[in-house]
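Please find below a short note on the pockets and cavities of the structure under review. The points are numbered for ease of reply.

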Amino acid sequence: MVEAFAVASGKGGTGKTTSTLALGMALAADHDVTVVDADTGMANLLFHAGLDDAAVTLHDLLVEGTATGVSEATYERFGLSVVPCGTSLAGFEAAEPERLRDVVAELARDTDVLLLDSPAALGSKSAVLPVVLADRVVVVVEPTIPALSDGLKVQEYARSYGTETAGVLFNKVRSEADDVAAKAERHFGGPVLANVPESDAVRAARRAGKPLLAHAPESEAAARYRRAADRLDVRDGDGDAVADRFRSAVVPDTP
């Protein structure tokens with residue numbers, strides 16, 4: 001079985017990478033989980049996962065003619081398989097976004113859940129491809145009307161390529177945000193997975209180079225992420241069939 005989720009948002013700074021790793025660790029209690037930093041231009045998952053010294057990254061896999069295998073860029077951390085992306089401008093310029101299809105296809109053959117930490121904006125092929133490749137999208141937003149609007153744009157684009165909405169995750173919540181949550185339930189194709197509070201523990205985890213659930217597993221924010229993961233009903237999918245779909249996916253035009 002395998003299902004691919006794109007973790008996406010309409011703008012940067014929403015806590016998307018924190019959310020990707022937190023959901024991944026929570027889901028890893030019951031599934032084999034692989035996390036891919038698909039943000040080839042503004043990658044930072046490697047800093048959250050303590051992989052800032054990784055010798056081989058996704059950038060190396062996206063360059064034609066290299067002999068680098070996917071396994072060389074896959075690291076076992078915190079109960080997850082993690083494929084980080086590099087942060088150099090040269091690596092970004094050399095990378096060919098279309099090759100992400102083959103990387104994801106290979107990973108799909110040997111995992112239960114694929115989490116694609118997606119770029120925040122939808123302004124390039126490298127940004128939209130993870131959303132197009134995924135089965136469903138988890139939309140991470142802050143609980144404000146403008147952020148909700150940005151998240152809805154992500155969902156609209158995802159739906160145009162047949163990607164369903166798994167749910168919306170409110171992050172950095174300073175109150176219960178009931179009114180905004182109610183609006184989200186009406187407009188998004190999936191449920192509100194959780195309201196994750198603004199948290200000093202999240203910032204401390206980032207400074208420590210650890211995912212939140214490893215650094216502060218008893219925090220309220222960690223509990224909310226586990227609740228969100230419990231609401232993601234992972235669906236069965238044939239790994240070979242999913243891999244073939246990824247490999248043959250049409251690279252979308254820029255929105």
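The points below treat the open pockets and then the enclosed cavities.

1. The model is predicted: local features need pLDDT of at least 70, side-chain atom pairs count only at pLDDT 80 or more, and totals for chains, interfaces and linings use all residues. Residues are numbered from 1 along each chain as its sequence is written, and side-chain values use heavy atoms, with hydrogens and water left out.

2. The largest pocket (an open set of points on a 1 Å grid over the protein atoms alone, with protein on both sides within 12 Å along at least five of seven lines) holds about 450 Å³ of space. Its lining (residues with an atom within 4 Å of a point) comprises 26 residues, and Gly13, Thr14, Gly15, Lys16 and Thr18 are the closest to its centre.

3. Among the elements that give two or more residues to the lining of the largest pocket are α1 (16-27) and β7 (164-173). By class, this lining has 8 nonpolar, 10 polar and 8 charged residues.

4. The second largest pocket has a volume of about 220 Å³. Of its 14 lining residues, Thr34, Thr74, Ser81, Leu107 and Asp110 lie nearest the centre.

5. The structure holds 2 cavities of 30 Å³ or more, a cavity being a set of points where a 1.4 Å probe fits but cannot get out. The largest cavity has a volume of about 60 Å³, and its lining includes Thr17, His48 and Arg206.

Definitions and conventions:
Points joined across faces, edges and corners; volume = space filled by probe spheres on them. Helix = DSSP H or I, 4+ residues; strand = E, 2+ residues; numbered from the N terminus. Nonpolar A, V, L, I, M, F, W, Y, C, P; charged D, E, K, R; others polar.
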